[in-house]
Structures are given as C-alpha cells and as structure tokens.
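Please open the model in your viewer and keep the sequence panel beside it. The stops below say what to select next and what is found there.

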Amino acid sequence: MIYFVGAGPGDVDLITVKGRDLLTRADVVIYAGSLVWDQHLRFCKQDCLQFNSAGMTLEEVIAVMKKNDRPEKVIVRLHTGDPTIYGAIREQMSFLEKETMPYRVIPGVSSFTAACAVINREFTVPGVSQTVIVTRMEGKTPVPELEDLERLASHQSSMAIFLSVQEIDKVLEKLKRGYNRSNVPVSVVYKATWPDQQVLTGTLADIGEKVKKAGISRFAQILVGDFITGDYERSLLYNPEFSHGYRKGKE
Ligand code: SAH
C-alpha cells in the first residue's frame with residue numbers, strides 16, 4: 001500500500017502519530033529531500049529503501065512505487081508540510097489510479113499554520129478577519145488571473161503566501177495596490193520550526209529591505225494582515241455573556 005504522508009514543516013516531532021508509525025514500518029520511503037528534513041529517516045528500519053525525489057521525475061517516482069508495490073509492503077511518499085498544499089500529489093494519484101494501485105493520504109501540519117504558531121498569532125480573529133487566503137504568486141507555474149495577489153489582497157483578509165519570497169518586491173507591490181495602503185503588517189518566517197528558523201516582522205513598506213538584508217530567497221512563508229499586530233475583539237465562544245450548546249451565559 002502506498003501512503004502519501006505529510007512530514008510537517010521541519011521539526012521531526014511535528015509529523016502525525018500515524019505518519020511516524022508508517023515511517024517506522026516502511027519498506028520504501030520516497031522523500032522530497034529539498035524540503036523534508038532527512039532526520040525523519042532515522043526512524044526508518046535499517047533495510048528500508050530510501051529515495052530522494054529531489055532529483056527524480058514523476059515517472060521515476062512512479063516506477064519506484066510500481067516496482068515495490070505488494071499488499072504486505074508499506075511504501076511512504078513523504079511530502080513536506082501537508083501533502084494537499086503544493087504537494088504535486090494529484091498527478092501521482094492519477095498515475096496510481098490508472099494502474100489500480102491503492103493509496104491513502106495522511107495529512108500533516110502545513111508550514112503556513114506552523115509559521116503562524118511561530119509568531120504566536122491567530123489568523124482568524126474577530127473584528128479583523130475570519131478568512132485565511134492560502135496562495136502564491138505566479139512564477140514558472142502560472143496562477144489563474146482571478147487569483148492574482150492584488151485581487152486577493154483587496155479582501156483585506158489574513159494571507160499566507162507560499163513559494164514567492166524570491167520575488168519579494170513584486171509581491172509587495174501587488175499587495176500594496178490590493179490593500180490600498182502600505183502599513184499592513186507582514187511577518188516573513190524562514191524555515192519555520194527548523195533549527196535555523198528566522199522571523200522578520202515589518203510592514204508592506206519596509207519588510208522588503210529586511211528580507212533582502214537577511215538574504216532570504218526561498219523556504220519562507222510571507223504572512224500578511226492586521227491579525228499580526230492589529231486590535232481585535234474577544235471571541236463570543238468564551239464570553240461569559242454568550243450562551244451556546246455547551247454553556248449557559250449570564251444575562
Ligand atoms: N506542502 C507544503 C508546501 C510545499 S511548497 C506545506 O504544506 O507547507 C514549498 C513552500 O512551502 C516553500 O517555498 C515555502 O514557501 C513553504 N514552506 C515549506 N516549509 C516551510 C517552513 N518550514 N517554513 C516556511 N515556509 C515553508
């Protein structure tokens with residue numbers, strides 16, 4: 001059986017219990033070595049076959065799966081963060097479906113929630129934003145026109161921007177036009193939960209210089225929105241005056 005497993009953002013203890021259990025039982029692991037920390041592999045059996053997919057094509061990955069797929073074997077395809085976000089798993093699933101090879105997906109902690117945890121914030125705070133936009137700027141991979149950063153920013157929601165820090169100036173230009181102001185708070189979190197993690201905080205006006213000075217050009221989350229420093233309202237859920245299914249509030 002083939003398992004797509006989310007490795008989490010970095011720290012090897014941020015994988016799920018299910019994911020770790022599969023890693024310890026795996027006969028074959030194909031890991032995305034450009035972003036997945038190889039420390040995960042120390043949990044594998046000694047005779048586990050290991051492949052770093054960083055230098056492989058989709059066809060080569062599938063060939064390894066096909067060659068080793070037996071009902072009694074555990075094959076783990078280890079992806080960074082959560083595999084359902086920029087994991088390129090859909091194309092692997094299509095291949096496996098064509099070959100009628102069964103698979104399952106084990107979710108993981110995505111780097112965008114890990115980055116928000118690193119800065120001790122909540123994306124969805126009452127009175128500020130109840131929406132998180134998870135997106136990227138176009139690069140070699142195009143982004144649909146309706147999802148252009150400028151348009152998305154016009155919602156003034158909390159945002160987590162993947163895969164874009166290498167073009168920070170262009171990102172900031174689009175965000176400034178979309179938010180229509182430049183005092184919007186921004187945190188750039190490089191390698192969230194890794195030992196060499198870095199956090200930079202500023203606004204749309206000054207974060208670009210900080211990012212360039214720190215030499216960050218990959219492996220970072222750009223978190224944007226007033227949730228980072230702005231005021232907020234208390235939640236109703238824990239408000240003494242508010243009643244709900246589990247608790248009667250004071251009049
Ligand atoms: N599936 C992954 C994302 C893979 S795309 C997830 O759920 O997190 C790769 C991009 O994710 C990187 O370019 C970067 O923007 C982001 N990323 C992955 N790990 C990160 C980390 N530990 N800290 C900050 N950003 C990270």
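**First stop: helix H2 and its cover**

Select helix H2, residues 58–68, where Val61, Ile62, Val64, Met65 and Asn68 are buried, buried meaning under 20% relative accessible area, exposed over 50%, and partly exposed in between, with a 1.4 Å probe and protein chains only. Looking down the axis of H2, you will find these buried residues within an arc of 155°, so they line one face of the helix; the arc is that of the directions from the helix axis to the C-beta atoms. Now add strand S1 (2–6), S2, strand S3 (49–52), strand S4 (75–79) and helix H3 (90–98), which are among what covers the buried residues of H2. Helices (H or I, at least four residues) and strands (E, at least two) are DSSP runs, numbered from the N terminus.

Two notes on the basis of the tour: this is a predicted model, in which local features need pLDDT of at least 70 and side-chain atom pairs count only at pLDDT 80 or more, while totals for chains, interfaces and linings use all residues. Residues are numbered from 1 along each chain as its sequence is written, and side-chain values use heavy atoms, with hydrogens and water left out.

**Second stop: Asp27 and Cys48**

Select Asp27, in the loop between helix H1 (17–25) and strand S2 (28–31). A polar atom of the Asp27 side chain lies 2.8 Å from the backbone nitrogen of Val74. Leaving aside neighbours within four places in sequence, Asp27 is in contact (heavy atoms within 4.5 Å) with Lys45, Asp47, Cys48, Leu49, Glu72, Lys73 and Val74.

From there go to Cys48, in the loop between S2 and S3, which is buried with a relative accessible area of 8%. Apart from neighbours within four places in sequence, Cys48 is in contact with Ala26, Asp27, Val28 and Val29. If you draw a C-alpha to C-alpha distance from Cys48 to Val74, it is 9.9 Å, for two residues 26 apart in sequence.

**Third stop: the ligand**

Which residues come nearest to the ligand? Of the 18 residues around the ligand (each with a heavy atom within 4 Å of it), they are Ile85, Ser110, Ser111, Ala192 and Ala220. An N or O atom in the side chain of Ser110 is 2.8 Å from an oxygen atom of the ligand. Backbone N or O atoms take part too: that of Ala192 lies 2.8 Å from a ligand nitrogen, and that of Ala220 lies 2.8 Å from a ligand oxygen. The protein covers 96% of the 540 Å² of accessible area that the ligand has on its own, by the Shrake-Rupley method with a 1.4 Å probe.

**Fourth stop: the largest core and H7**

Select Met159, Leu175, Val188, Ile222 and Val224, the residues with the most contacts inside the largest nonpolar core, which has 27 residues; such a core is a set of buried Ala, Val, Leu, Ile, Met, Phe, Trp, Tyr and Cys residues joined through side-chain atoms within 4.5 Å. Helix H5 (149–153), strand S7 (158–162), helix H6 (168–179), strand S8 (185–190), helix H7 (207–214) and strand S10 (220–224) each supply at least two of its residues, and H6 gives the largest share, five.

Finish on H7, whose buried residues are Ile207, Gly208 and Val211. Seen down the axis of H7, they fall within an arc of 105°, so they line one face of the helix. The face turned away from this buried side carries the exposed residues Glu209 and Lys213.

Definitions and conventions: Polar contact = N/O pair within 3.5 Å; in protein donor to acceptor, adjacent residues only side chain to side chain.
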